[in-house]
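Hi,

Here is the structure I promised to pass on. Have a look at it first, and my notes follow below.

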Amino acid sequence: MNDKVKLDRHGVIGVITVNSPPVNALSAAVRGGILECMKRAIADPEVKAIVLTCGGRTFIAGADITEFGKSPKSPDLDEVLTVIENSPKPIIAAIHGTALGGGLEVALACHYRVATKDAKLGLPEVKLGLLPGAGGTQRLPRAVGPELAVKMIVGGDPISAEVALKNGLIEEIVEGPAAGGESFARKVLDEKRPLRRLRDDDHKLQAAKADRSIFTNAVASMTKKSRGLEAPFAAADAVGCAIDLPFDEGLGKEREAFLKLVSSDQSKAQRHAFFAEREAAKVSGIPEGTKPRNVDRVAIIGAGTMGGGIAMSFANAGIPVTLIETGAEQLKRGMGVMQKNYEATAARGGIAADAPAKRMALITGVVGLENARDADLVIEAVFETMAVKKEVFTALDKFAKPGAVLASNTSYLNIDEIAKVTNRPQDVLGMHFFSPANVMKLCEIVRAAKTAPDALATAVSIARKIAKVPAVVGVCDGFVGNRMLAQRIQESDKLLFEGALPQQVDAVVTKFGMPMGPFAMGDLAGLDIGWRSRKDRGIKSEIEDALCEAGRFGQKTGKGYYKYEGGSRAPIPDPEVEKLIDETLTRLGRKGRAISDEEILERMMYPMINEGARILQEGIATRPGDIDVIWLYGYGWPIYRGGPMFYADQVGLKHIADRLAYYAKETGDPSLEPAPLLGRLAAEGGSFASLTRPVKAV
Ligand code: T1G
Ligand code: NAD
């Protein structure tokens, strides 16, 4: 017995308990401990049935992801599952918390499964660029049928204990895992129930064997959003083998596919994203044990595009919101937009029919900043001008209660400047959400010069509570995400001047995996916003200015870099734009040239990565992984490329530095010169990953 797994005998029941915090992952030690305890319990004549359960907050949450990519240690999971499945004594898995990945596969090899009512059961491997590699693709379809199995394996989302019971994945919902497992084991013995091995039970596959469309339709609907991803399709094929092949042959196919995926670039990228997301919540420079302040009530200033979405995020998490506007009309408009959004989601079955009313009931719309007095956290989302921000924070300094955290959702403005108008700069920080704020997962948390550690800890923990992914950054123009985006926008403008067309650039960027290219994005946000601010600042962007002077503001006017017909948001290349670009180049005495897709991709990605290096140099971001998390959850960077800094390491920093130096010379733009950090790492043959220093969790 090792210190991770123990065997106790309660009369004729052998109870095997795994205790390996934080999530009882199937490390080599845990696998070895389970195997040894199983063998001992099976060999013990006193033991008539065995219960496998876990201590701590959850059942086994999967294989130990940190072991992937390293040389395998024995015993391997298959050896453990074979002993379990072939046991002459009934083995019951008693589940609480989350039975995920290899954890559910262990339970599927057991003869029976019971779970507590709040348990979640799932095979999320596709989210790591993998597929279930220990029999899950063969046993789960036999337990719940191919349709639900495809949903769980290709989608990756867990199901509740209630759904598991309804679909025969578990036998019973029990009170406590260990106690519940034990009383069920006694029932199995008393009722002389047979040893149910899923490998021998094909009855739930018969319908799909007869009508394969049951399977193919499920796959089609689950892979609709899997553009660019390898794992969902490989996972679907493996489930298909369960229908077409005998168990052991299917198992062989699953193994083959798993081994291919586990060494793939996509899975390495998705595993990086998994850990980077968790690391990003650990804030450097905060004394260990710093406790977040209590947040029972939130006030949001401004019920516009962002204020409304932010309010919904809090209401979705059950946190009451006071939503403050300047007047009844603005309030009515804001409340109306939220009501409509909720109703649309309910109509799609995304939330329960009564959820819109319940959530709207948590949002109280009022006029007047004095109404922020009871809030523990205030988030300002008013117009993006410093004057209005300062006016609001001056008032909040007067009205907000002592100890309230005061956050600004500004996209670009200097949080230190804003904090200066208050007598409590220690309570001021940025919480930068992304549009639509009720959908986008990222919350860029801006640490200002005087922000107190517990105020920062409060923002990080409340962001996680409302299901956002927090990343802490320093104060600079555009923080991390928008600052890097500005490099891409600048480069995309230059490419038009050199002869590229909007649709060519956007095609390269979307082929890479981004949801949208820079020009379609501009049309979505509205070209007039940038045009008005350029005019205010007396600067020019010749081609975009010409579009705006021609009334082409983007989707809002039905034409911008593209034209949009019949109210559709689908961008259509417009010869008018090509003509306008030609005229502008001619007027400026410039001649376009043919530009390759490869050059476009390098100039869309490398300047951003270079800016990322500057951001790390300046300490605006703590880890390269934080920058990756920001792009993954705020800008739709494809998960299977891990984020811009991870991608840079895969491409190789030497190549990127050389290409940047080349483009700096070719385009005469010194801002493309490799940043010192990038230059140094490239010269040393280093990587951004080599920069990561561990930081203690808040
Ligand atoms: N392996 C190693 N470490 C893990 C881990 C795992 N499977 N799961 C979590 N951790 C660490 C995590 O990094 C963090 O560490 C701490 O535990 C708490 O996690 C053969 C191939 C279980 C729902 O994909 O979804 O099985 O930051 O902050 O919000 O077919 O963790 O504290 O140092 O996320 O309460 C499949 C992954 C693996 C599940 C808990 N399993 N985990 O969420 O805590 S592949 C998964 C989760 C597999 C087999 C295949 C969540 C959670 P640190 P946390 P949480
Ligand atoms: P918006 O114009 O849609 O909404 C602003 C709202 O603030 C308006 O309803 C206005 O009536 C209200 N308002 C103005 N002054 C007020 C005051 N003194 N008290 C109460 N309400 C007041 O703007 P938006 O797009 O929601 O942007 C809001 C903030 O969020 C800006 O700082 C913006 O930079 C930032 N932001 C916007 C986006 C985006 O994509 N729109 C994304 C991230 C951050």
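Before the sheet, a word on terms: two strands pair if DSSP finds at least two bridges between them, and helices (H or I, at least four residues) and strands (E, at least two) are DSSP runs, numbered from the N terminus. This is a predicted model, where local features need pLDDT of at least 70, side-chain atom pairs count only at pLDDT 80 or more, and totals for chains, interfaces and linings use all residues. Residues are numbered from 1 along each chain as its sequence is written, chains are lettered from A and ligands numbered from 1 in the order in which they are written, and side-chain values use heavy atoms, with hydrogens and water left out.

**A small topic to start: one sheet**

There is an open sheet of three strands, in the order β5-β7-β8 and with mixed pairing. β5 (98–100) and β8 (159–160) are at its edges with a single partner strand each, so one side of each has no neighbour in the sheet. β5 pairs with β7 (residues 120–122) in the parallel sense, over three bridges. Within that pair, L100 sits opposite G122 of β7.

**Ligand 2**

What surrounds ligand 2? Around it are 23 residues (near means a heavy atom within 4 Å), and M306, E325, E384, K389 and S411 come nearest. By class, this shell holds nine nonpolar, 10 polar and four charged residues. Here Ala, Val, Leu, Ile, Met, Phe, Trp, Tyr, Cys and Pro count as nonpolar, Asp, Glu, Lys and Arg as charged, and the others, Gly among them, as polar.

Some N or O atom pairs within 3.5 Å are worth finding on screen. A polar backbone atom of T305 is 3.0 Å from an oxygen atom of ligand 2, and a polar backbone atom of V382 is 3.3 Å from an oxygen atom of the ligand. From R333, a polar side-chain atom lies 3.2 Å from a ligand 2 oxygen.

On its own, ligand 2 has 830 Å² of accessible area (Shrake-Rupley method, 1.4 Å probe), and the protein covers 80% of that. Elements giving two or more residues to the shell include α13 (305–316), β11 (321–325) and α14 (328–347). α16 gives the most, with three residues.

**Cysteines**

How many disulfides (cysteine sulfur pairs within 2.5 Å) turn up in the whole structure? The search finds zero. For C443, the nearest cysteine sulfur is that of C476, 16 Å away. C443 is buried (under 20% relative accessible area, 1.4 Å probe, protein chains only), at 0%. C241 is buried too, with 15%.

Cheers

Notes:
Disulfide = S-S within 2.5 Å. Buried < 20%, exposed > 50% of the residue type's maximum accessible area, 1.4 Å probe, protein only. Polar contact = N/O pair within 3.5 Å; in protein donor to acceptor, adjacent residues only side chain to side chain.
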